[in-house]
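Hi everyone, thanks for coming. Let me put today's structure up on the screen, and then we can walk through it together.

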Amino acid sequence: MFRITMAQLNLTVGDIEGNVDRMIDSARQAALHDSDMVVFSELSLCAYYPGDMLDDKHFLSRIDEGLATLKRASCSLPDLHWVVGAPTRSTGAGKHLHNSLLVLRNGQVLLQYDKQLLPTYNIFDERRHFEPGPDVAKVLRIGSTQVGFLICEDSWNDQGEDYATNPFMRMADAAPEVVVSINASPSNVGKREQRHEVFAAAARAHNLTILYVNQIGGHDQIVYDGASFAVEPERGVVFEARRFEEDIRTLQLHEGHFSLLHGEALPSVPKEGLPTMSFYRQQIVLGLRDYARRCGFRKVVVGSSGGIDSALTLALAVEAMGPDNVVAVTMPSRYSSSGSVDDSVALCKQLGIQLFTHPIAELVHQYSQQFLDAFSQPLTGLPLENLQARVRGVILMEYSNAFGNLLLTTGNKSEISVGYCTLYGDTNGGLGLIGDLYKTEVFALSQHINEIAGRELIPQAIIEKEPSAELAPDQKDADSLPPYPVLDEILKLLIEGDKLSAGEYDRARQFVQRQQASKKGRELVHRIRMLIARSEYKRRQSPPIIRVRSRAFGSGRQMPIAARYL
């Protein structure tokens, strides 16, 4: 009987000392269950992904100190094997580091496996810092059990689509009883099901039993959902750890089959994961909670326009931070409808949060008059609209500076895509919660939040209101943009393309094909394509947004600003 403890932890990038303490505590818990092995996630010593911190010699010295501390701690639990992820020095040509898996026991490193496949696509850039490891399988006999080891990407190329090397082939030749894979697999919609599909297929193809251990937590734009799991060749995924939570679980392995402690049967694993809206909500909530905590913010502030974007942002912030730690500010202008102010009041009452009112009409008038005095030209049209947004942005940043609240920006993916936002105005802030949600998804998630609450947390009047920036008389979003159901389908194809799920991709592709059947439709698609390209400079200067889809703005989509797109 072989016992393995999965330590699915919410570790902090760069907090070597704190991460080491968490790992030692987890190892002690594993020892209480007489585990043979405790398994941590990829780069668990420093957390994934430290980026250019890896170029800092002091940071690498702290890595060495942390590893030395783990070795000393392992001496107090001499029968336990610790599977740890850490950067290690490379002695050969190329980059000076490896992304490594180390097996520690009783103060010694029994095995080192260096990651072979280094992803450099979408949000990943590992080849920037690491040298690939050799094309070899690493196995270790622990008692009567032969254990093989892999790191994240090494397990994703069994079909040979992305790399010439397939580490699973070497591992199959070594024929271990179990393969331990340590991971830092980012979460996006559909990713959990994709992991299950890939690893279950590999387990069947190579007759391998696999234990997959993932990290959780929000790290800047990226959220890791945990959901560690165990796979058997015949039965597929037989166990899954909690999602969006820390989870330390011990499993028994006997003759290629997993069970709980004392031989208890494993609970069934649902084929489908969370419904999409529930997934969005939990991912964003964890992302905000960890971002604020790691950056030292206890409270947040949001500009409340009475519209659906700010309403949804406030509702998500309340779930993440609690109502006492969320503040809203409404800033009516001469163009704000009384309904928008009333809707903000009703929303904040439902959410149980404090609402401040800071009118901007007089400030806008003073700015406009001084502009006229200085430049002999009145502010009208778009410059006047943008001025109102920028005055609001200044007020919110003043509040953030004065009271220490993290300012949350409220733009959605549809508006960010086409530049329907004001630089240094409504783009101000430290983090965007809904910037990877299309407008149609904003409506759907708002309805979902009301459904799970069993009441109108977000007033129905806000959900049903026609979207408007209210920066000009009787202004509506539809004056500048096509209807959001039309815009969003075009945007999905142009921005995400084949990164979409199969169903979404087919729908978006067919929709765009129908549009391009007419001259008007072709002109619309062309216009949207150009708006996306011309708005890159705005996105480059905007706050990070929490990623929930397969291709988000930020590190996952790197496009030039000064380029000709057509």
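Let me begin with a question: how many disulfides does the structure hold? The count is 0 disulfides. Please keep in mind that we are looking at a predicted model. As a reminder, a disulfide is a covalent bond between the sulfur atoms of two cysteines. Take Cys295: the closest cysteine sulfur sits in Cys46, 18 Å from the sulfur of Cys295, and that is too far for a bond. Is Cys295 tucked away? With a relative accessibility of 42%, Cys295 counts as partly exposed. Cys75 is partly exposed too, its relative accessible area being 40%.

Now to the sheets. One open sheet has 6 strands, ordered β6-β7-β8-β9-β12-β13, and its pairing is mixed. At the edges we find β6 and β13, which covers 236-240; each has a single partner strand, so one side of each is left without a neighbour in the sheet. On average, neighbouring strands here are turned by 25 degrees against each other, direction ignored.

Two helices pack on this sheet. Helix α3, residues 167-174, touches β6, β7, β8 and β9, and its direction makes about 175 degrees with that of β7. Helix α4, residues 191-206, touches β8, β9, β12 and β13, and its direction makes about 30 degrees with that of β12.

Let's zoom in on β9, residues 210-213. In a regular strand the side chains alternate between the two faces of the sheet. Both faces of β9 are covered: Ile210 and Tyr212 lie on one side, Leu211 and Val213 on the other, and all of them are buried. Next to β9 runs β8, residues 178-182, and the two pair in the parallel sense over 4 bridges. Across that pairing, Val179 stands opposite Ile210, and Ser181 stands opposite Tyr212.

There is also an open sheet of 5 strands, in the order β18-β17-β16-β19-β20, with parallel pairing. Here β18 (354-357) and β20 (431-432) take the edges, each with a single partner strand, so each has one side without a neighbour in the sheet. The partnership of β17, residues 326-330, with β18 is parallel and spans 4 bridges. Within it, Thr330 has Thr357 of β18 as its bridge partner.

Next, a pair of helices. The axes of α5 (residues 276-295) and α11 (residues 439-453) come within 9 Å and cross at roughly 85 degrees. The two helices are therefore roughly perpendicular to each other. On the α5 side, the contact is made by Met277, Ser278, Tyr280, Arg281 and Ile284, while α11 brings Glu441, Ala444, Leu445, His448, Ile449 and Ile452. Sorted by class, that contact has 7 nonpolar, 2 polar and 2 charged residues.

To finish, two single residues. Is Lys115 buried or exposed? Lys115 is found in the loop between β5 and β6, and it counts as buried, with a relative accessibility of 1%. Leaving out residues up to four places away in sequence, Lys115 touches several others, including Glu42, Glu126, Glu131, Glu153 and Asp154. Ala502, in helix α14 (residues 502-515), counts as exposed at 58% relative accessibility. From Ala502 to Tyr121 is 381 residues in sequence and 20 Å in space, C-alpha to C-alpha.

Thanks for listening, and please do rotate the model yourselves!

Conventions:
Residues numbered from 1 in each chain as written. Predicted model: local features only at pLDDT ≥ 70, side-chain atom pairs only at ≥ 80, totals over all residues. Heavy atoms only, no water. Axes fitted to C-alpha atoms, helices over the stretch in contact; angles between N-to-C directions. Parallel < 35°, antiparallel > 145°, perpendicular 65-115°, else oblique. Contact = heavy atoms within 4.5 Å. Nonpolar A, V, L, I, M, F, W, Y, C, P; charged D, E, K, R; others polar. Pairing = 2+ DSSP bridges. Disulfide = S-S within 2.5 Å. Buried < 20%, exposed > 50% of the residue type's maximum accessible area, 1.4 Å probe, protein only.
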